[in-house]
Amino acid sequence: MYIDFHTHGKLAKRLPFSTAYTDWLFGEAKGAGLDALCLTEHFNTLQFDQVYGYLLDKYDREGDTLVTEQGLRIFAGMETDIAEGGHILCMGIPEEILELNKRLEPCKEKETFLPFEKLMDLFDQYHLIVGGGHPFREGGHIPQLPKEQLKRLDFLDLNGKDIAADRASTEKKTEELGRILNIPVVAGSDTHQAVQYGCIRTNFTKETCRVEDLYEEMKAGRYTIEVSEFAGFQVKAAGLLKKALKEIHAIGGDYVSVLLGEQGV
């Protein structure tokens with residue numbers, strides 16, 4: 001089962017939610033060879049509840065996951081900022097992700113972000129697996145957090161954007177921190193744009209539709225990480241396309257129609 005642990009369903013968190021764009025993303029993910037993804041949408045993205053409301057209404061439920069018409073399995077998740085600087089990923093059942101996001105409503109601006117310890121205390125009230133997103137990216141301070149607190153994480157994110165920028169250093173530092181904390185390292189593309197799917201992915205020997213079972217496979221190490229030889233190009237191209245589409249929106253155009261070659265989307 002090829003899975004991407006860090007993906008987004010919107011072009012940008014301050015842009016309106018587009019069902020057509022999200023459906024297109026999922027179709028492209030399947031076409032890129034993914035069997036599953038974790039939708040780690042930003043916790044303070046515009047219309048977070050509408051994103052999951054749409055997915056719950058449209059797609060079939062199988063275990064903890066939602067399955068698209070093309071057969072792509074979606075694990076529900078979220079990416080949350082912490083006060084110290086950095087992003088924390090979580091995966092769970094869609095209803096709990098929605099409830100948790102509502103409880104975080106007072107904490108969605110930079111000056112109100114929760115500290116790591118308090119966020120983890122909140123996460124402990126739910127059936128989640130929790131990871132450190134791109135732990136060594138500039139501006140984040142996850143590695144500097146107290147070791148006893150970091151050990152509360154379930155996994156680390158070997159991130160496609162950082163791999164594209166400096167693969168050797170990113171792999172070395174992320175894997176070393178994983179060994180220190182004795183937690184698995186899995187791969188996420190961090191994409192907002194379909195070109196980036198497949199730049200990095202995790203291949204599990206077993207397919208599962210339950211978060212708990214996926215975590216057991218992670219802990220057992222029954223997976224490998226694959227990096228595309230074109231990862232640098234994919235990340236750069238996706239970034240350029242994202243920038244262009246945002247500019248179309250900024251001048252009043254319909255970037256989804258332009259992207260899909262349709263009118264009235």
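In the predicted model, Gln47 is partly exposed, with a relative accessible area of 23%, a value that falls between the 20% below which a residue counts as buried and the 50% above which it counts as exposed. Gln47 lies in the loop that leads from β2 to α2 (48-58), and although Gln47 is not a glycine, its phi is positive, at about 65°. Most residues other than glycine have a negative phi. A positive phi, near 60°, is also found for Asn182, again a residue other than glycine. Asn182 is placed in the loop between α7 (167-181) and β9 (185-188), and with a relative accessible area of 69% it is classed as exposed.

Strand β2, which precedes the loop of Gln47, spans residues 36-42, and 7 of its 7 residues are buried, so that the strand is largely enclosed by the rest of the structure. The burial extends to both faces of β2, with Ala36, Cys38, Thr40 and His42 on one side and Leu37, Leu39 and Glu41 on the other. Strand β2 is joined to β1 by 3 bridges, and the two strands run parallel; within this pairing, Ile3 has Ala36 of β2 as its bridge partner.

Strand β1 (residues 2-7) is also joined to β10, in this case by 2 bridges and in an antiparallel arrangement, with Ile3 standing opposite Thr202 of β10. Ile3 thus has a partner in β2, namely Ala36, as well as one in β10, namely Thr202. Strand β10 itself comprises residues 200-204, of which 5 of 5 are buried, so this strand too is largely enclosed by the rest of the structure. Ile200, Thr202 and Phe204 point one way from β10, whereas Arg201 and Asn203 point the other way, and burial applies to all of them. A further antiparallel pairing, made through 5 bridges, links β10 to β11 (residues 223-227), where Tyr223 is the bridge partner of Phe204.

The loop between β10 and α8 (211-220) contains Arg210, which is partly exposed, with a relative accessible area of 43%. When residues up to four places away in sequence are set aside, Arg210 touches Gly63, Asp64 and Phe75. The C-alpha atoms of Arg210 and Phe75 are 8.5 Å apart in space, although 135 residues separate the two in sequence.

A second arginine, Arg73, belongs to strand β5 (residues 73-81) and is buried, with a relative accessible area of 8%. The side chain of Arg73 forms a polar contact of 3.1 Å with the side chain of Glu207 and another, of 3.4 Å, with the side chain of Glu62. Beyond its neighbours within four places in sequence, Arg73 is in contact with several further residues, including Asp35, Ala36, Leu37, Thr65, Leu66 and Val67, as well as Thr208 and Cys209. Among these contacts, Ala36 and Leu37 are residues of the buried strand β2.

The largest pocket encloses about 200 Å³ of space, and the residues closest to its centre, out of 18 that line it, are Glu79, His87, His134, Arg137 and Glu138. By class, the lining is made up of 11 polar, 5 charged and 2 nonpolar residues.

Of the residues closest to the pocket centre, which include His134, His134 was examined in more detail. His134 is located in the loop between β7 (129-133) and α5 (147-150) and is buried, with a relative accessible area of 8%. A polar contact of 3.4 Å joins the side chain of His134 to that of His87, which is likewise among the residues closest to the pocket centre. Apart from residues up to four places away in sequence, His134 touches His6, Glu79, His87, Asp157, Asn159, Asp162 and Asp190. The C-alpha atoms of His134 and Gly188 are separated by 8.9 Å, with the two residues 54 positions apart along the chain.

Finally, Ser257 lies in helix α10 (residues 255-260) and is buried, its relative accessible area being 6%. The side chain of Ser257 makes a polar contact of 2.8 Å with the side chain of Asp254.

Key:
Residues numbered from 1 in each chain as written. Predicted model: local features only at pLDDT ≥ 70, side-chain atom pairs only at ≥ 80, totals over all residues. Heavy atoms only, no water. Buried < 20%, exposed > 50% of the residue type's maximum accessible area, 1.4 Å probe, protein only. Helix = DSSP H or I, 4+ residues; strand = E, 2+ residues; numbered from the N terminus. Pairing = 2+ DSSP bridges. 1 Å grid on protein atoms, 1.4 Å probe; cavity = no way out; pocket = protein on both sides within 12 Å on 5 of 7 lines; lining within 4 Å. Points joined across faces, edges and corners; volume = space filled by probe spheres on them. Nonpolar A, V, L, I, M, F, W, Y, C, P; charged D, E, K, R; others polar. Polar contact = N/O pair within 3.5 Å; in protein donor to acceptor, adjacent residues only side chain to side chain. Contact = heavy atoms within 4.5 Å.
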